[in-house]
Amino acid sequence: MDPAKRQERIDLFTQHCAARGLPLTVQRRAVLEAILDLDTHPTADQVHLCVTGRMPEINRATVYRSLETLVGMGIITKACHPGRVVRYDPRTDPHHHLICLHCNYVLDVEDRRLTELPLPKIDTGSFTVTEHRVQLRGICQKCREAEAIG
Ligand SMILES: [Zn+2]
Ligand SMILES: [Zn+2]
């Protein structure tokens with residue numbers, strides 16, 4: 001993530017905290033910075049590992065709680081979970097994902113044609129569809145190369 005965008009997200013977080021009277025804890029800020037720096041749709045454990053580089057004393061539960069708080073504030077989103085665990089996404093704007101079926105690698109993909117897909121007129125009963133996210137699934141380059149070698 002480029003430095004200007006990164007700072008923008010941190011400022012947004014600071015404003016949200018102030019507006020809601022939430023304490024701007026160093027832990028929450030460290031968790032946000034980790035997810036912005038990782039840029040890999042990390043799992044909570046990956047975020048934890050990254051944060052412990054700077055704050056060795058931070059525990060897993062605090063990282064989990066901070067991630068959920070950031071999701072609740074609309075600063076980050078929960079992405080798809082290609083594996084068994086939730087992946088967090090520092091982006092909140094509409095975008096789509098390429099997902100590797102072998103290693104669960106998640107990559108952002110921008111494509112206007114995907115974003116402009118009309119929502120199908122399906123009977124969802126009491127469920128209101130507000131947006132759509134497309135997952136394009138396949139095999140990433142790394143896995144393809146590993147397969148070719150193996
Ligand atoms: Zn892969
Ligand atoms: Zn994403």
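This is a short tour of a predicted protein model with two zinc ions, one stop at a time.

**Before you start**

Residues are numbered from 1 along each chain as its sequence is written, while chains are lettered from A and ligands numbered from 1 in the order in which they are written. Because the model is predicted, local features need pLDDT of at least 70 and side-chain atom pairs count only at pLDDT 80 or more, whereas totals for chains, interfaces and linings use all residues; side-chain values use heavy atoms, with hydrogens and water left out.

**Stop 1: the whole protein**

Show the protein as a cartoon. You can find 6 helices and 5 strands; these are DSSP runs numbered from the N terminus, where helices are H or I with at least four residues and strands are E with at least two. Follow the chain from its start and the pattern reads α-α-α-α-β-β-β-β-α-β-α. The C-alpha atoms fill a box of roughly 50 × 45 × 30 Å along the principal axes.

Now switch on the surface. Its accessible area is about 9600 Å², and 55% of that belongs to carbon and sulfur atoms; the areas come from the Shrake-Rupley method with a 1.4 Å probe, and for residues only the protein chains shown count as cover. Of the 150 residues, 33% are buried. Here buried means under 20% relative accessible area, exposed means over 50%, and partly exposed is in between (1.4 Å probe, protein chains only).

Contacts tell you how the chain comes together. Among contacts between residues at least 6 apart in sequence, 48% join residues at least 24 apart, with contact meaning heavy atoms within 4.5 Å.

**Stop 2: the zinc ion, ligand 1**

Select ligand 1. Which residues hold the donors of this zinc ion? They are C100, C103, C140 and C143, each giving its SG atom, and they lie 2.2 to 2.3 Å from the ion. A donor is an N, O or S atom within 2.8 Å of the metal (3.2 Å for Na, K and Ca); water is not among the atoms, so sites may look incomplete.

Why is the arrangement of these 4 donor atoms called tetrahedral? The angles they subtend are 104 to 112 degrees, which makes it so. Four donors count as tetrahedral if all angles lie between 85 and 135 degrees; four count as square planar and six as octahedral if opposite donors are over 155 degrees apart and all others between 65 and 115; anything else is irregular.

Along the chain, the donors follow the spacing C-x2-C-x36-C-x2-C. Pick C103 and C140 to see distant parts of the chain linked: C103 is in the loop between β3 (96-100) and β4 (106-109), C140 is in the loop between β5 (135-138) and α6 (141-149), and they are 37 residues apart. C103 counts as partly exposed because its relative accessibility is 40%, while C140, at 12%, counts as buried.

Stay on C103 a moment. Leaving aside neighbours within four places in sequence, C103 is in contact with C140 and C143. Then select N104, which is found in the loop between β3 and β4. N104 has a positive phi of about 65 degrees although it is not a glycine.

**Stop 3: the zinc ion, ligand 2**

Move on to ligand 2. The protein donors here are H41 (NE2), D89 (OD), H95 (NE2), H97 (NE2) and D108 (OD), at 2.1 to 2.2 Å from the zinc ion. Their spacing in sequence is H-x47-D-x5-H-x1-H-x10-D. H41 and H95 link distant parts of the chain, 54 residues apart: H41 sits in the loop between α2 (26-38) and α3 (44-52), and H95 in the loop between β2 (87-89) and β3.

Are H41 and H95 buried or exposed? H41 is buried, with a relative accessible area of 4%, and H95 is buried too, at 0%. Check the backbone of H41 as well: its phi is near 55 degrees, a positive value in a residue other than glycine.

**Stop 4: two helix residues**

Select L67 in helix α4 (residues 60-73). L67 is buried, with a relative accessible area of 0%. Not counting residues up to four places away in sequence, L67 touches V31, I35, A44, V47, I76 and Y88.

Finish with Q7 in helix α1 (residues 3-20). Q7 is partly exposed, with a relative accessible area of 37%. Draw a line from its C-alpha atom to that of L36: the two are 29 residues apart along the chain and separated by 9.7 Å.
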